[in-house]
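Open the model in your viewer and get ready to click along. We will go from one selection to the next, with a short look at what each one shows.

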Amino acid sequence: MKRDSGIALVDRDEDGVDRAFRADVLKGLRQRQKAIPARWFYDEEGSRLFEAITQLEEYYPTRAETEILEARGKEFAELIGPGRAVVEFGSGSSVKTPLLLRAIDPAAYVPLDISGDFLRESAAGLAEKFPGLPVHPVEADFMRRVTLPEEVEPLKKLGFFPGSTIGNMVPRTAVDLLRSMRATLGADEGESPLLLIGMDLVKDCAELEAAYDDAEGVTAAFNHNLVTRINRELDGTMPEGALEHSAMWNDALARIEMHLVATRDIAFEVSGERFAMRKGETIHTENSHKFTRRSANLLLLAGGWTPEKRWLDPDERFSVILARATEQREAP
């Protein structure tokens, strides 16, 4: 088994708290429309709950994307070629990643994730499935440029960003992420890297809302776990029982929004700072933007990537796009 113990690039204070987590939570709670970035869902329990969500009947994206990866392996191999280092931004799924690795014969696998324990667990599982493949987990916030392990520096790169996680970000942040991915993969240092990315598609409102408010309440538990994490890691006193999960389709912005809605007036502290919410006020915890072909292409181009090939599942619910890093230009 070829793997290492990983590289940790998360900035923590003397108490072991992620400084960026604290800063984002406090900044978000100070706003008139309280909001916390969705990336902070993914502590160990949040990562476990999300994996459970992907198995739900209502949650179609994982099944649809898996269908594409299972059916198109030969095309991936032809277009991507062997010998690349696969850099996965957010190393969540133990299902989808092996499908890609088996198809393209990579030279190395580098999972990047902000949840260290979950990262090392999933990396170890992949290393067992692919005993001859070097695996180099990196605990890092991939929203910024990440320095990759020196072992993979000379290799051609393929970025892998499944699951339509790009849809969790507002367009400005999504473009920034795509640009940081380009930098992480070394787009200006040699052969143009490739990016294989999942993007969910606009569809019927009822189907979308059901996918984010399942009958078993797993997505609600996932949303509430953010409060549990804040209370545990940031000395919070947020009353979880007074915050209700809500998921709604915002047609004007082409996105599902998840909120935690105060069911009564509440007051609480986080890291020694006091906050209050009136009944009906919300904390906006997640966006999940949905795309058309044109909006997906426009987003990728704005982030420095040129789409080369697009695949859909048989029911046309989800898309997987292969893009190549675009040479930077100063003019149209």
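Before the first stop, one term: two strands count as paired if DSSP finds at least two bridges between them. Keep in mind too that this is a predicted model.

**Colour by confidence**

Colour the chain by pLDDT, the predictor's confidence in each residue from 0 to 100. The chain averages 91, and 92% of the residues score at least 70. Now select residues 1-8, where the pLDDT is below 50. Even so, this stretch has 22 contacts in the model beyond near neighbours in sequence.

**The open sheet**

Next, select strand E8 (residues 243-250) and strand E9 (residues 255-262). In which sense do E8 and E9 pair, and over how many bridges? They pair in the antiparallel sense, over eight bridges. Click His245 and look across to E9, where its bridge partner is Leu260.

Now show the whole sheet: it is open, has four strands in the order E2-E12-E9-E8, and its pairing is mixed. Strand E2 (34-35) and E8 are the edge strands, each pairing on one side only. As a general reminder, strands of a sheet pair through backbone hydrogen bonds, either parallel or antiparallel.

**Two neighbours on E8**

Zoom in on Leu243, in strand E8. Is Leu243 buried or exposed? Its relative accessible area is 2%, under the 20% cut-off, so Leu243 is buried. Beyond its neighbours within four places in sequence, Leu243 is in contact with eight residues to show as sticks: His224, Val227, Met238, Leu260, Val261, Ala262, Ile266 and Met277. For a distance to try in the viewer, pick the C-alpha atoms of Leu243 and Ala123: they are 35 Å apart in space and 120 residues apart in sequence.

Then click Glu244, also in strand E8. Glu244 is partly exposed, with a relative accessible area of 48%. Setting aside neighbours within four places in sequence, Glu244 is in contact with His224, His259, Leu260, Val261 and Thr263. The C-alpha atoms of Glu244 and Asn223 are separated by 9.0 Å, although their positions lie 21 residues apart along the chain.

**The cores**

Select Ile230 and Val270, the residues with the most contacts inside the largest nonpolar core, which has 40 residues. Among the elements that give two or more residues to this core are helix H1 (19-30), E8 and E9. Helix H9 gives the most, with five residues. Around Ile230, show Phe21, Val25, Ile36, Asp235, Gly236, Met238 and Val270, which Ile230 touches beyond residues up to four places away in sequence. Apart from this core lies another, of 33 residues, including Leu112, Phe142, Ala174 and Leu299.

**Two helices**

Select helix H10 (residues 293-302) and mark its buried residues Ala296, Leu299 and Leu300. Look down the axis of H10: these residues fall within an arc of 95°, so they line one face of the helix. On the face turned away from the buried side you will find the exposed residues Arg294 and Leu298. The buried residues pack against H7, strand E7 (194-200), strand E13 (305-312) and strand E14 (318-325). After H10 comes Gly304, with a positive phi near 95°.

Finish at helix H7 (residues 171-184). At 1.5 Å a residue, its 14 residues should span 20 Å, and its end C-alpha atoms are 20 Å apart, so the two values agree. Among its buried residues are Ala174, Leu178 and Arg182. Just after H7, Gly186 takes a positive phi of about 75°.

Terms used. Residues are numbered from 1 along each chain as its sequence is written. This is a predicted model: local features need pLDDT of at least 70, side-chain atom pairs count only at pLDDT 80 or more; totals for chains, interfaces and linings use all residues. Side-chain values use heavy atoms; hydrogens and water are left out. Buried means under 20% relative accessible area, exposed over 50%, partly exposed in between (1.4 Å probe, protein chains only). Contact means heavy atoms within 4.5 Å. The expected span of a helix is 1.5 Å times one less than its number of residues. The arc is that of the directions from the helix axis to the C-beta atoms. A nonpolar core is a set of buried Ala, Val, Leu, Ile, Met, Phe, Trp, Tyr and Cys residues joined through side-chain atoms within 4.5 Å.
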